[in-house]
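Biologist: I'm new to this one, so could you walk me through it slowly?
Modeller: Gladly; here it is to look at while we talk.

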Amino acid sequence: MIEVVPSEGGVVPAAVEVGLVVNGEARRLVVEPRVTLLDALRERLGLTGAKKGCDHGECGACTVLVDDRRIYSCTTLAVMQEGRRVTTVEGLGTPESPHPVQAAFVEHDGMQCGMCTPGQVVSAVALIAEGHAGSEDEIREWMSGNLCRCAAYPGIVAAVRAAAGGAS
Amino acid sequence: MTSVGTPVPRVDGLLKATGTARYTADIPFEDLTHAVLLQATIARGRIASIDASAAEAAPGVLLVLTHLNAPRLPRMRAFAKGGSAQQTVPALQDDRVRFAGETVAFVVAESQEQARYAAMLISVEYDEEPPAVGLHGDAYPPAKVNGQPPDYRRGDAERALADAAVTVERTYRTPVHHHNPIEPPVTIASWDDDGGLTVHEAAQGGVHMMRLGFAEALGIPRRKAGSIRVVSKFLGGGFGGKGFMWPRNILPAVAARLLGRPVKLELTRAQMYTSGGYRSETVQRLRLGADRDGRLGSIVHESTSTGSDMGEFPEPCAQITQMLYACPNVTGTHRLVRQNVGVPTFTRAPGEGPGSFALESALDELAGELSLDPLELRLRNYAETDPEHDRPWSSKGLRECYSEGAERFGWSARNPEPGSMRDGRWLVGYGMATAAYSSHTWPTFARVRIRADGTAVVRCATTDIGTGTYTVMAQVAADALGVRPGDVTFEAGDTRYPFAFPPVSSSGARSIGPAVRAAALAVRTRVARLAVKDRESPLFGADAATVRAIGGGRLARADDPERYDTFVDVLERAGLGHVEERKGYGVMPFLHSTASGIAPWPVGPLLRVATRPFAGRYSTYDFGAQFVEVRVDPDLGVVRVSRVVGVYDIGRVLNPRTARNQAVGGITWGIGMALMERTTTHPRLGKYTSPNLSGYLLPTNADVPDIDVHFLDRPDPLVNPLGVKGVGELPVVGVAAAIANAVHHATGKRVRSLPIGPAELLG
């Protein structure tokens with residue numbers, strides 16, 4: 001249920017209350033309907049792991065899982081995800097207790113500047129679950145929604161392959 | 001027991017992989033306000049009227065700056081003249097529009113959505129004038145090209161060309177390139193009650209250089225520049241696009257001073273195309289003259305790139321031609337054509353990147369004329385000494401790069417006939433090119449502190465732009481101190497730390513490394529001096545200068561390694577919480593006298609001391625050989641790079657894991673340059689038509705094939721005590737030419753204008 005809150009001044013549309021399950025935790029927040037899921041996560045919930053690279057669904061740095069499916073969080077509004085389960089990179093693991101994919105990215109140096117890395121990691125976790133990590137070519141294809149300008153791609157492929165092998 | 005040379009994993013790897021690393025945009029701020037830029041929609045003319053009243057009345061809006069109400073800002077000193085700016089003209093100072101994308105308003109609101117919406121309410125009317133677009137107008141010589149004159153001559157290239165048995169005369173073109181780091185530039189400026197300014201900045205521009213830029217822009221006297229703090233801990237990619245001061249860096253500080261609140265400006269992807277420079281398009285005319293054996297008698301390389309009313313940065317394309325081959329007669333010239341666009345700037349492998357495309361393509365064409373193997377042609381013109389400066393190289397393993405690369409690639413299997421090799425329906429082509437890059441040593445200081453628990457912290461105001469500086473410098477310090485790399489923390493990206501030049505021109509390892517090493521050795525010696533004077537120490541009475549580090553934080557007598565002391569014990573007995581030393585490297589003598597860590601103004605002299613003819617006795621370059629296999633679909637004209645072998649002489653390799661990653665990245669930049677990357681400009685309106693990541697194509701994971709990177713890993717005996725040269729840009733150089741050469745080999749079609757695509761191959 002979305003509760004509509006009257007706006008001030010009439011220029012900006014009403015703020016709305018949104019309920020999300022973020023990294024396993026039920027969160028409620030009041031946002032303007034024009035706020036993207038990415039901005040809601042970063043600016044309202046303090047989850048800055050997902051990055052804003054292009055804000056246009058082109059680079060993949062903002063990739064999160066919604067109900068276990070990877071999406072670009074910059075191209076969906078927070079209000080559109082009412083009631084859904086959102087998993088960000090923070091929900092996968094921590095430096096003290098990393099997810100196997102996160103550990104594999106370090107082991108295989110699948111990063112340089114690290115700006116795209118959270119999106120790559122989230123994408124990789126989903127890709128393995130999707131069963132798209134069968135070969136290097138398959139990984140390359142299914143990881144191509146996440147740009148890496150430093151081009152640490154071979155390391156990313158190696159990391160995904162290692163993590164997928166370990167999981168099966 | 002050395003750490004340098006071993007593949008230590010990235011120390012910040014888990015922070016990055018878990019989303020814990022805080023980039024500039026991620027830093028939480030109390031009372032933060034959000035800014036957006038409104039940019040000019042015409043390329044040339046005047047603002048006839050600008051009405052911001054609706055924006056000012058919109059909810060949440062705190063401030064709207066236009067040229068009508070913005071504080072007066074000075075023209076900035078150009079980087080080439082010792083300053084910090086490429087665009088010297090400040091924003092919002094008059095009604096003139098000089099390029100599409102110039103800032104015409106700066107809006108600050110409580111939230112970014114409010115600011116963005118308010119910017120849309122600003123109504124601007126322009127008096128348009130026809131802009132100058134493209135490299136068609138009158139060419140003029142720039143004042144300087146990388147600190148050197150625009151024209152270079154040795155011998156008489158024109159006469160030698162007329163006398164040559166074989167000549168090749170071709171024109172090559174490269175388009176506008178944008179850096180496109182994944183992280184958009186971000187600035188957060190906040191003033192404290194005492195008038196101090198703190199700027200969190202996604203800064204490749206070097207925090208100290210930016211501090212001086214902020215002081216200049218904001219009218220803060222140089223002696224008070226210490227009241228400005230610039231912080232940049234994690235940088236989401238730079239590639240030249242976050243170097244220097246641009247108007248976008250300055251405006252948040254201006255607004256924050258007016259509002260008394262912190263102001264954050266995060267550029268949109270589209271705004272990145274007009275707010276931080278780009279690589280100019282180039283037109284390069286190459287003329288080669290050779291004898292029948294392929295010995296070069298003459299090269300003329302004439303390069304034209306974009307000039308601007310806002311500042312000047314000629315793409316230094318011809319400079320690689322001046323040094324790469326043993327040729328007695330060489331002319332290199334650089335010219336500019338003024339356009340209504342922003343100022344170009346350094347982009348990864350500036351000069352050598354597009355310059356090598358022209359030179360190494362032309363050599364391939366010459367090899368074709370001579371029916372000579374392209375690799376053999378290069379070997380016949382191998383420069384045993386630097387022909388430009390007529391002096392020896394500090395090191396040059398290029399011959400080994402060629403032979404090792406050819407062997408790993410299987411170059412001998414190449415059938416010289418174009419179009420002769422196939423794999424099923426795919427046409428297969430082999431191509432190669434030489435790589436060289438003039439990486440630099442910049443003045444750098446580092447401070448190393450040994451703490452009571454035996455661990456160490458190293459501080460230096462550089463920025464880790466993703467190259468692995470945090471990791472590699474911990475390794476360098478660990479070896480010099482005789483501890484494990486895990487016992488060393490490298491801290492960077494803060495003007496509170498000792499001065500470092502911006503991490504540009506592949507300078508990081510070779511500038512920071514020796515400074516860190518010197519400071520670590522100095523502090524180790526200081527501990528040794530404490531020990532030899534301490535009656536309770538096993539080192540008592542020894543000569544401190546001969547005390548050796550034997551690992552594990554232990555210092556031993558040179559004559560008896562069984563008698564040793566430890567950092568922990570020496571400090572404890574001396575009652576010291578820590579000891580530290582600060583050292584500089586690549587530094588002009590007068591710099592030693594500035595203990596504040598603030599570089600003396602101007603930066604210009606630093607540039608001159610650090611340019612490539614180091615010490616005046618040797619020339620130092622990074623060298624390499626690129627070998628590429630492509631597959632071309634004969635019906636669709638699709639080009640796929642299927643294999644790359646790169647062999648590089650970068651001196652000593654400090655960390656093969658991070659170095660390899662950079663080399664792969666550089667090669668991939670070359671693939672993008674060859675096959676994908678191009679910013680298109682509307683020929684009449686002078687506006688970019690693809691300021692995004694779907695019109696401007698970057699290589700994706702699926703575009704990158706098997707890449708075999710090999711380093712000779714031979715320390716350069718002269719360049720610095722670590723023997724390390726540079727790796728960041730070299731692997732870009734020559735890749736585009738090697739791909740173009742391979743495409744020619746596959747198809748018989750020579751493409752002289754980048755990027756290469758179906759239109760070029762099927763047309």
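**How the two chains meet**

Modeller: Where chain A and chain B touch, the contact takes 55 residues from chain A and 60 residues from chain B, and please keep in mind throughout that this is a predicted model.

Biologist: How much area is buried between chain A and chain B?
Modeller: About 4,500 Å² is buried between chain A and chain B, and carbon and sulfur atoms give 54% of that area.

Biologist: Which three residues of chain A supply more of its buried area than any other three?
Modeller: Those are A:D109, A:Q112 and A:R149, which supply 18% of the area that chain A buries against chain B.

Biologist: And how many salt bridges are found across that interface?
Modeller: The rule finds eight salt bridges across the interface of chain A and chain B, and one pair to look for is B:E113 with A:R44, whose side chains meet in a salt bridge at 3.6 Å, N to O. Polar contacts are counted as well, and between chain A and chain B the count is 28 residue pairs, both residues being at pLDDT 80 or more.

Biologist: Which helices of chain A each supply at least two residues to that side?
Modeller: Helix 1 (37–44), helix 2 (100–107), helix 3 (117–130), helix 4 (136–142) and helix 5 (153–167) of chain A each do so. If you sort the residues on the side of chain A that touches chain B, they divide into 26 nonpolar, eleven polar and 18 charged.

Biologist: Switching to chain B alone, what domains is it divided into?
Modeller: Chain B is divided into domain 1 (31–130 + 181–238 + 242–272), domain 2 (139–178 + 278–439 + 617–762) and domain 3 (441–610). Between domain 1 and domain 2 of chain B, the contact takes 18 residues from domain 1 and 19 residues from domain 2, while the centres of these two domains, taken over C-alpha atoms, are separated by 36 Å.

Biologist: What is buried between domain 1 and domain 2 of chain B, and how many salt bridges are there?
Modeller: The buried area between domain 1 and domain 2 of chain B is about 1,400 Å², with 64% given by carbon and sulfur atoms, and the count of salt bridges between them is zero. The rule does find four residue pairs in polar contact across this domain interface, both residues being at pLDDT 80 or more, and on the side of domain 1 that touches domain 2 the residues divide into nine nonpolar, four polar and five charged.

Biologist: One last thing, how do strand 22 and strand 23 of chain B pair?
Modeller: Strand 22 (residues 548–551) and strand 23 (residues 554–556) of chain B pair in the antiparallel sense over three bridges, with B:G551 standing opposite B:R554. Together they form a hairpin with two residues between the strands, and B:G552 in the turn has a positive phi of about 65 degrees.

Definitions and conventions. Residues numbered from 1 in each chain as written. Chains lettered and ligands numbered in written order. Predicted model: local features only at pLDDT ≥ 70, side-chain atom pairs only at ≥ 80, totals over all residues. Heavy atoms only, no water. Pairing = 2+ DSSP bridges. Helix = DSSP H or I, 4+ residues; strand = E, 2+ residues; numbered from the N terminus. Domains from an automatic or database assignment. Contact = heavy atoms within 4.5 Å. Buried area = accessible area lost by both parts, 1.4 Å probe. Salt bridge = Lys/Arg side-chain N within 4 Å of Asp/Glu carboxyl O. Polar contact = N/O pair within 3.5 Å; in protein donor to acceptor, adjacent residues only side chain to side chain. Nonpolar A, V, L, I, M, F, W, Y, C, P; charged D, E, K, R; others polar.
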